[in-house]
Amino acid sequence: MSLVTWVDAYSIGNDEIDSHHKKLFDMFNLLYDSSVDTDNGTVVYTLLDELLYYADYHFKAEEQLMIDNNYVDTAMHMVRHKYFIDTVMSFRHTEGVSSNELVKETVKFLGNWLLLHVTKEDSKIAVYF
Ligand SMILES: [Fe+2]
Ligand SMILES: [Fe+2]
C-alpha cells in the first residue's frame, strides 16, 4: 500500500532531487508495509537503516545544491535535516525499540515528516532554479 505518493506538483525543478524524493517515498512505503507485519522485526530495521542511509545521502546532495544556488535559508534547512536524522536515530536506538508500538511511532513520524518536508520546505528551493 502506498501511504505517500509523489506527484508532479512536488517537483522542485531538479531531476536529481526529484528522483531522490521519489525513491525516499518508495522506501518509506516499503518500510510501512513491513512494519504492519508484526513478525517482520528484522526486515523493518534493515529497511529503516537503508532509508536513513539514503536520506543522509539525499540531504547532503540537496544541501550542496542549496549552497551552489545561494539559497537564502540553507542553514535552517540543514538544521531540519539534522533534526530528522537525530530523531529517527534516537527512536532506532531506544532501549526496547523492538516493541511493535515504537516501530509504528517511528514509521508515523517518518512518513509525516517526509511528506511535510518535501512539500513545505524543499518546495521553497524550486524558485532558485
Ligand atoms: Fe530538504
Ligand atoms: Fe529533500
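For the metal sites on this tour, a donor is an N, O or S atom within 2.8 Å of the metal, and because water is not among the atoms, a site may look incomplete. Keep in mind throughout that this is a predicted model.

**First stop: the iron ion (ligand 1)**

Select the iron ion (ligand 1) and display the residues that coordinate it, namely E62 through OE, H77, H81 and H117 each through NE2, and D122 through OD, at 2.0 to 2.2 Å. Read along the sequence, these donor residues follow the spacing E-x14-H-x3-H-x35-H-x4-D. Within this set, pick out H81 and H117: H81 belongs to helix α3 and H117 to helix α4, so the pair ties together parts that are 36 residues apart in sequence. Are H81 and H117 buried or exposed? H81 counts as buried because its relative accessibility is 1%, and H117, with a relative accessible area of 5%, is buried as well.

**Second stop: the iron ion (ligand 2)**

Now move to the iron ion (ligand 2), which lies 3.4 Å from the iron ion (ligand 1), with E62 coordinating both. The residues to display around the iron ion (ligand 2) are H21 (NE2), H58 (NE2), E62 (OE) and D122 (OD), which coordinate it at 2.0 to 2.2 Å. Their spacing in sequence is H-x36-H-x3-E-x59-D. Why is the arrangement of the four donor atoms around the iron ion (ligand 2) irregular? The angles that the four donor atoms subtend run from 81 to 171°, whereas four donors count as tetrahedral if all angles lie between 85 and 135 degrees. For orientation, the ideal angle at a metal with four tetrahedral donors is 109.5 degrees.

While the iron ion (ligand 2) is still selected, follow E62 and D122 back to the chain. E62 sits in helix α2 (residues 41-68) and D122 in the segment after α4, so that this pair, 60 residues apart, links distant parts of the chain. Both E62 and D122 are buried.

**Third stop: salt bridges**

A search of the whole structure finds six salt bridges, and three of them are visited here, beginning with E121 and R80, whose side chains meet at 3.3 Å, N to O. E121 is in helix α4 (residues 100-121) and R80 in helix α3 (residues 74-92), so this pair, 41 residues apart, links distant parts of the chain. With a relative accessibility of 13%, E121 counts as buried, while R80, at 29%, counts as partly exposed.

Next select D86 and K82, whose side chains form a salt bridge at 2.6 Å, N to O. Where do D86 and K82 lie relative to each other in helix α3? They are separated by about one helical turn, because they are four residues apart in that helix. D86 is partly exposed, having a relative accessible area of 39%, whereas K82 is exposed, with a value of 52%.

Then turn to helix α4, where K108 and E105 are three residues apart and therefore separated by about one helical turn. The closest N and O atoms of their salt bridge are 3.7 Å apart. E105 counts as partly exposed, at 34% relative accessibility. Elsewhere, salt bridges that share partners join R80, E121 and K124 into one network, and selecting these residues together brings E121 and R80 back into view.

**Fourth stop: F25 and its contacts**

Select F25, which is found in helix α1 (residues 15-36). With a relative accessible area of 1%, F25 is buried. Which residues is F25 in contact with, leaving aside its neighbours within four places in sequence? Displaying V4, T5, W6, Y10, L114, L115 and V118 shows these contacts. To relate F25 to the previous stop, draw a distance from its C-alpha atom to that of R80: the two residues are 55 residues apart along the chain, and their C-alpha atoms are separated by 18 Å.

**Last stop: a nonpolar surface patch**

Finally, switch to a surface representation and select V72, V127, Y128 and F129, which make a nonpolar surface patch of about 420 Å². Of these residues, V127 can be located in the segment after α4. V127 is exposed, with a relative accessible area of 71%.

Methods:
Residues numbered from 1 in each chain as written. Chains lettered and ligands numbered in written order. Predicted model: local features only at pLDDT ≥ 70, side-chain atom pairs only at ≥ 80, totals over all residues. Heavy atoms only, no water. Salt bridge = Lys/Arg side-chain N within 4 Å of Asp/Glu carboxyl O. Helix = DSSP H or I, 4+ residues; strand = E, 2+ residues; numbered from the N terminus. Buried < 20%, exposed > 50% of the residue type's maximum accessible area, 1.4 Å probe, protein only. Donors = N, O, S within 2.8 Å, 3.2 Å for Na, K, Ca; no water. Tetrahedral: all angles 85-135°; square planar, octahedral: opposite > 155°, others 65-115°. Patch = residues over 30% accessible without salt bridge, like charges linked within 9 Å, V, L, I, M, F, W, Y side chains within 5 Å. Areas by Shrake-Rupley, 256 points an atom, 1.4 Å probe, with all protein chains shown as cover. Contact = heavy atoms within 4.5 Å.
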